[in-house]
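Subject: A structure for you to explore

Hi there,

Here is the structure I promised you. Please open it next to this email and follow along.

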Amino acid sequence: MSMIFHRPIFRAAAVTAAALLLGACGHVEITHVPPGQSLGVALAKKPELVHLPAPPPGTVTQDRSPNAGVKEGDKLAHVAEAFSRGQFCMNAGKDDEAIAAFQEVVKVNPAHSEAWQNLAALYEKKGDNKKAIDAFRRAKKIARQ
């Protein structure tokens with residue numbers, strides 16, 4: 001039996017149903033691509049999660065960051081809150097507030113490539129090409145590490 005789905009909603013439902021039937025829910029990665037953008041470009045912009053190796057046991061490291069006295073959980077909560085605020089402001093068209101929020105994120109966590117990507121897009125939107133290029137380069141460098 002051959003079924004042809006002509007409407008996109010039916011195709012999406014069929015793909016979802018097939019994934020559920022095959023038990024692939026935990027292994028399926030969906031990437032939304034806006035109309036007019038290629039999948040290759042969307043995947044190139046998508047940052048990959050990079051896990052850094054733990055220092056060898058017994059190694060004493062001195063934290064010289066501006067947040068040296070803050071607990072790690074507090075840093076993560078602050079970064080998460082600032083990043084969420086930045087995304088909300090960016091989606092609401094409040095570019096200056098979004099830039100401030102993403103700058104907060106990269107101040108606490110300079111290795112947050114998605115925040116650098118958002119900063120680059122916002123700088124580009126505002127016409128500050130020098131800052132946009134710098135932010136794109138930082139995001140790309142972090143993604144390659």
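Below is what was found in it, from the overall picture down to single residues.

This is a predicted model, in which local features need pLDDT of at least 70 and side-chain atom pairs count only at pLDDT 80 or more, while totals for chains, interfaces and linings use all residues. Residues are numbered from 1 along each chain as its sequence is written, and side-chain values use heavy atoms, with hydrogens and water left out.

**The overall picture**

The protein has six helices and zero strands, so its elements run α-α-α-α-α-α from the N terminus on, where helices (H or I, at least four residues) and strands (E, at least two) are DSSP runs numbered from the N terminus. Of its 145 residues, 20% are buried. Here, buried means under 20% relative accessible area, exposed over 50%, and partly exposed in between (1.4 Å probe, protein chains only). The accessible surface is about 11,200 Å², and 59% of that belongs to carbon and sulfur atoms; these areas come from the Shrake-Rupley method with a 1.4 Å probe, and for residues only the protein chains shown count as cover.

Contacts (heavy atoms within 4.5 Å) tell you how the chain comes together. Among those between residues at least 6 apart in sequence, 39% join residues at least 24 apart.

**The core**

A nonpolar core is a set of buried Ala, Val, Leu, Ile, Met, Phe, Trp, Tyr and Cys residues joined through side-chain atoms within 4.5 Å. The largest one holds 19 residues, and F102, V105, A115, W116, L119, Y123 and A135 touch the most other members. Two or more residues come from each of helix 3 (72–91), helix 4 (95–108), helix 5 (113–126) and helix 6 (129–144). Helix 5 gives the most, with six residues.

Try clicking on W116: leaving aside neighbours within four places in sequence, W116 is in contact with V106, P110, A135, R138, A139 and I142.

**Helix 4**

The 14 residues of helix 4 should span 20 Å at 1.5 Å a residue, and the end C-alpha atoms are 20 Å apart, which agrees. The expected span is 1.5 Å times one less than the number of residues. Which residues of helix 4 are buried? They are D95, A98, I99, A101, F102, V105 and V106. Seen down the axis, these buried residues fall within an arc of 165 degrees, so they line one face of the helix. The arc is that of the directions from the helix axis to the C-beta atoms.

**Salt bridges**

A salt bridge is a side-chain nitrogen of Lys or Arg within 4 Å of a carboxyl oxygen of Asp or Glu, and by this rule there are five.

- D95 and K125 meet at 3.3 Å, N to O. They link distant parts of the chain, with D95 in helix 4 and K125 in helix 5, 30 residues apart. D95 is buried at 13% relative accessible area, whereas K125 is exposed at 56%.
- D96 pairs with K126, the closest N and O atoms being 2.8 Å apart. D96 is in helix 4 and K126 in helix 5, again 30 residues apart.
- R85 pairs with E81 at 3.1 Å between the closest N and O atoms. They are four residues apart in helix 3, and so separated by about one helical turn. R85 is partly exposed at 29%, and E81 is partly exposed at 40%.

Enjoy exploring!
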